[in-house]
Amino acid sequence: MDLLSLVGMATKRRSDYFSQAQTLAKKYKSQPRLEERMKAESLGLVKGLRDKLMKWDEYQRTILDKTLVSALAACILGIKDDKTDRKLEKCWPIIVGDMLPPLVKFLAETKEYIDSGVLRLGDQTVDFADYNLLGAVPGAIDLGVDEIEGINPEEEGVVEASQGRAQGKTWPSLADRLSRYLATPTFSFYNLGQYMVAQDQGFKEMRRVVTGDKKMCIDCKNYGELGWVPIGEMPMPGKGCRCHDRCRCFIEYR
Ligand SMILES: [Zn+2]
Ligand SMILES: [Zn+2]
């Protein structure tokens, strides 16, 4: 599916998405719980596709829906009760612009892996239970905890590539990758919701507070060192930094 038709489908279903997102936000109540839920759903979807419980078109459409609904729900959680509808309208084009272009590419790649037999439908040789979704792949190079700790996101990317998990070329790695559309971006969109409120409340400055752990990337470190900047002049966590959706910086306003 190309980007234009995906955006077209999304636009048509916008009000549905808004009300589904309200329900989801009400049910999970916090961003970490929403993220957990969406991780589980990523795994469920990939298993459903592999086990032929779901056809490709349904898989694709469900992912489009869930990507947008979970992002909207995360914004709602960030906005809290503060005049949600109007602020959500402002979040919508940002969500669509951020998520749909990479999603189109990701879905096309997955389809290609299926068509070329890299991913085999009905292949039961791997048990998803053996995999920690965000952890290492069994049988891959076993890194000790100490070795992993010093690693930065760039090195991590190289390690992932060498294990074949970053590209979604195995079913479990596909589930991991899908969670980077459905689950991990909720952190950034939660922050976007909070930003809409801060802007409305007349805060003038913002700063990015970095987590300070060893996995923090150089971009986040630099944002942290900038200190207070005028509101709107700093990207949300996960944007403009090479740790992307895995960034867990938070934003303060004054
Ligand atoms: Zn970063
Ligand atoms: Zn960060």
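Two helix axes count as roughly antiparallel when the angle between them is over 145 degrees. All the views below show a predicted model.

**View 1. The packing of helix α3 against helix α4.** Helix α3, which covers residues 31-50, packs with helix α4, which covers residues 56-79, at an angle of about 180 degrees, and their axes lie 11 Å apart. The two helices α3 and α4 are therefore roughly antiparallel to each other.

**View 2. The residues that form the contact between α3 and α4.** On the α3 side, the contact is made by Gln31, Leu34, Met38, Glu41, Leu45, Val46 and Leu49, while α4 contributes residues including Trp56, Tyr59, Ile63, Lys66 and Leu77. Sorted by class, this contact between α3 and α4 consists of 11 nonpolar, 3 polar and 2 charged residues.

**View 3. The zinc ion (ligand 1) and its protein donors.** The SG atoms of Cys217, Cys220 and Cys243 are the protein donors of this zinc ion (ligand 1), and they lie 2.0 to 2.3 Å from it. Along the sequence, the donor residues of the zinc ion (ligand 1) follow the spacing C-x2-C-x22-C. Cysteine 217 sits in the loop between β1 (205-209) and α10 (218-226), and cysteine 243 sits in the loop between β2 (229-230) and β3 (250-253), so that this pair, 26 residues apart, links distant parts of the chain. 

**View 4. The burial of two of the cysteines.** Cysteine 217 counts as buried because its relative accessibility is 4%, and cysteine 243, at 10% relative accessibility, also counts as buried.

**View 5. The zinc ion (ligand 1) beside the zinc ion (ligand 2).** A distance of 3.5 Å separates the zinc ion (ligand 1) from the zinc ion (ligand 2), and cysteine 220 coordinates both.

Note on methods. Residues are numbered from 1 along each chain as its sequence is written. Chains are lettered from A and ligands numbered from 1 in the order in which they are written. This is a predicted model: local features need pLDDT of at least 70, side-chain atom pairs count only at pLDDT 80 or more; totals for chains, interfaces and linings use all residues. Side-chain values use heavy atoms; hydrogens and water are left out. Axes are lines fitted to C-alpha atoms, for helices over the stretch in contact, and angles run from 0 to 180 degrees between N-to-C directions. Helices (H or I, at least four residues) and strands (E, at least two) are DSSP runs, numbered from the N terminus. Angles under 35 degrees count as roughly parallel, over 145 as roughly antiparallel, 65 to 115 as roughly perpendicular and the rest as oblique. Contact means heavy atoms within 4.5 Å. Ala, Val, Leu, Ile, Met, Phe, Trp, Tyr, Cys and Pro count as nonpolar, Asp, Glu, Lys and Arg as charged, and the others, Gly among them, as polar. Donors are N, O and S atoms within 2.8 Å of the metal (3.2 Å for Na, K and Ca); water is not among the atoms, so sites may look incomplete. Buried means under 20% relative accessible area, exposed over 50%, partly exposed in between (1.4 Å probe, protein chains only).
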